[in-house]
Amino acid sequence: MTQNPETPVTVDLLQGLLADWFAPWIQAMGLRVESFAEGEVTLRLPQSDQLSRVGGMLCGQAMMSAADTAMVLAIVTQLGTRRPMTTVQLNTSFLKPLSGQDARITARVVRAGKSLVFGEIDISGASDGKSVCRASTTYALL
């Protein structure tokens, strides 16, 4: 791992980055770090009326925001906290609606190069484990 030895990755560090790095409206989503490994993070997005549309379905905007956020943290687990980055591309496919349960977002680094990082994200129901959204991403390292 190329993580800076002074700042080991922990669940608390990643949870703290959600509070420190992201806009207040992302923080208001209530994302929680469930687990991580090198190049991978799993977040939980609590079901809420504020993130739902007609019929109680989790809105696509919330899923895309959660996917983008999870990928940033997955990159941190591999490259550390001192690498500024920005999203270049986020391609999202919505497979089926999610309602009545929390979402589980798992982001994985597929390849980290010198200037670009490629990743994949799966969003599934936290209760039933069924995949509801898949995304691929590209980030530029600044």
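**View 1. S5 and S6 sit side by side as antiparallel partners.** Strand S5 and strand S6 (residues 131-141) are paired through nine bridges, in the antiparallel sense. One spot to look for is Phe118, whose bridge partner in S6 is Thr138. Keep in mind that everything you see here comes from a predicted model.

**View 2. Let's zoom in on Phe118.** This residue belongs to strand S5, which covers residues 116-125. Is Phe118 buried or exposed? Neither, quite: its relative accessible area is 32%, and buried would mean under 20% while exposed would mean over 50%, so Phe118 counts as partly exposed. Phe118 also helps build a nonpolar patch on the surface, together with Val88, Val110 and Leu116. Taken together, the four residues of that patch have about 320 Å² of accessible area.

**View 3. S4 and S5 make a hairpin.** Follow the chain out of S4 and you pass through three residues of hairpin before S5. The two strands pair antiparallel, with nine bridges between them. Want a pair to find? Ala107 has Ile121 of S5 as its bridge partner.

**View 4. S1 and S2 make another hairpin.** Here strand S1 (residues 32-37) meets strand S2 (residues 40-45), and five bridges hold the antiparallel pairing. Ser35 is matched with Thr42 in S2. Just two residues lie between the strands, and Gly39 in the turn has a positive phi of about 80°.

**View 5. S2 has S4 as a partner too.** Strand S4 takes in residues 103-112, and six bridges link S4 to S2, with the two running antiparallel. Across this pairing, Leu43 stands opposite Ile105 of S4.

**View 6. Now put the strands together.** How do strands like these pair up in general? Strands of a sheet pair through backbone hydrogen bonds, and the pairing can be parallel or antiparallel. In this model, six strands make an open sheet with antiparallel pairing, and reading across gives S1-S2-S4-S5-S6-S3. At the edges are S1 and strand S3 (85-94), each with pairing on one side only. From one strand to the next, the twist averages 20°.

**View 7. Two helices lie across the strands.** Helix H1, residues 11-21, lies across S1 and S2 and runs at about 130° to S1. Which strands does helix H3 lie across? Helix H3 (residues 60-79) lies across S1, S2, S3, S4, S5 and S6, and its angle to S4 is about 45°.

Key. Residues numbered from 1 in each chain as written. Predicted model: local features only at pLDDT ≥ 70, side-chain atom pairs only at ≥ 80, totals over all residues. Heavy atoms only, no water. Patch = residues over 30% accessible without salt bridge, like charges linked within 9 Å, V, L, I, M, F, W, Y side chains within 5 Å. Areas by Shrake-Rupley, 256 points an atom, 1.4 Å probe, with all protein chains shown as cover. Salt bridge = Lys/Arg side-chain N within 4 Å of Asp/Glu carboxyl O. Helix = DSSP H or I, 4+ residues; strand = E, 2+ residues; numbered from the N terminus. Buried < 20%, exposed > 50% of the residue type's maximum accessible area, 1.4 Å probe, protein only. Pairing = 2+ DSSP bridges. Axes fitted to C-alpha atoms, helices over the stretch in contact; angles between N-to-C directions. Contact = heavy atoms within 4.5 Å.
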